[in-house]
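Student: Could you take me through one part of this structure in detail? I'd like to look closely at the nonpolar core and the strands around it.

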Amino acid sequence: MTLAGSRTEVLVRDLKDGDRAAVARIDALHSGSAKPDYWEGVFRDLRRSGAAAPVRVGLAAERERGLVGYLVGEVRAFEFGSEPCGWVHAIGVDPDHLRDGVATRLLVEACRRFSEGGVRTVRTMVRRNDVPVLSFFRASGFVGGSFVQLELDLEETG
């Protein structure tokens with residue numbers, strides 16, 4: 001799928017193994033740390049298929065100079081009574097292409113694929129202090145869901 005962008009067209013396509021370094025680079029720019037082993041595992045999982053494998057979505061946004069964004073997600077059902085739903089696990093855009101609609105294009109395509117996978121709800125988790133990402137998802141129609149994420153810091157309780 002090719003969509004017009006504010007600077008140049010953006011091609012949204014499936015992630016492929018050769019994209020791993022570019023995805024890891026974009027992630028490191030946003031997170032502040034390189035995670036090559038993590039991304040190796042994500043790309044390995046994206047390659048898995050078969051009847052027992054969940055619907056996985058791995059998307060790349062590409063311009064003439066290469067990969068400028070990515071989105072990774074899958075359809076999952078959780079033990080807490082949740083119906084199967086689409087989960088956006090990771091989304092990232094090269095800082096030089098922020099505010100060009102790249103993330104929106106990726107999210108729209110992911111939602112289309114999740115819908116084709118038979119789900120009606122898409123979820124994600126965002127750090128509460130990550131205002132740009134929270135703003136993006138809110139502007140894309142995401143609201144607080146029916147589940148509340150809770151956590152316990154084991155180092156503080158010990």
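Tutor: Happily! In this predicted model, the largest nonpolar core has 20 residues. Those with the most contacts inside the core are Leu59, Leu71, Val102, Leu106, Leu107 and Phe114. Two or more residues each come from strands E2 (10–14), E3 (56–63), E4 (66–76) and E5 (85–93), and from helices H3 (102–116) and H4 (131–139). Of these contributors, H3 gives the most, with six residues.

Leucine 106 is a good place to zoom in. Leaving aside residues up to four places away in sequence, Leu106 touches Val12, Leu59, Ala60, Ala61, Gly69, Tyr70 and Leu71. There is also a second, separate core of twelve residues, which includes Val23, Phe43, Ala60 and Val72.

Now follow strand E3. Six of its eight residues are buried, so E3 is largely enclosed by the rest of the structure. Buried here means under 20% relative accessible area.

E3 has pairing partners that you can trace by eye. With E2, the pairing is antiparallel and runs over four bridges; here, leucine 11 stands opposite glutamate 62 in E3. With E4, the pairing is again antiparallel, over eight bridges. E3 and E4 form a hairpin with two residues between them, and arginine 63 stands opposite glycine 66 in E4.

Technical notes
Residues are numbered from 1 along each chain as its sequence is written. This is a predicted model: local features need pLDDT of at least 70, side-chain atom pairs count only at pLDDT 80 or more; totals for chains, interfaces and linings use all residues. Side-chain values use heavy atoms; hydrogens and water are left out. A nonpolar core is a set of buried Ala, Val, Leu, Ile, Met, Phe, Trp, Tyr and Cys residues joined through side-chain atoms within 4.5 Å. Buried means under 20% relative accessible area, exposed over 50%, partly exposed in between (1.4 Å probe, protein chains only). Contact means heavy atoms within 4.5 Å. Two strands pair if DSSP finds at least two bridges between them.
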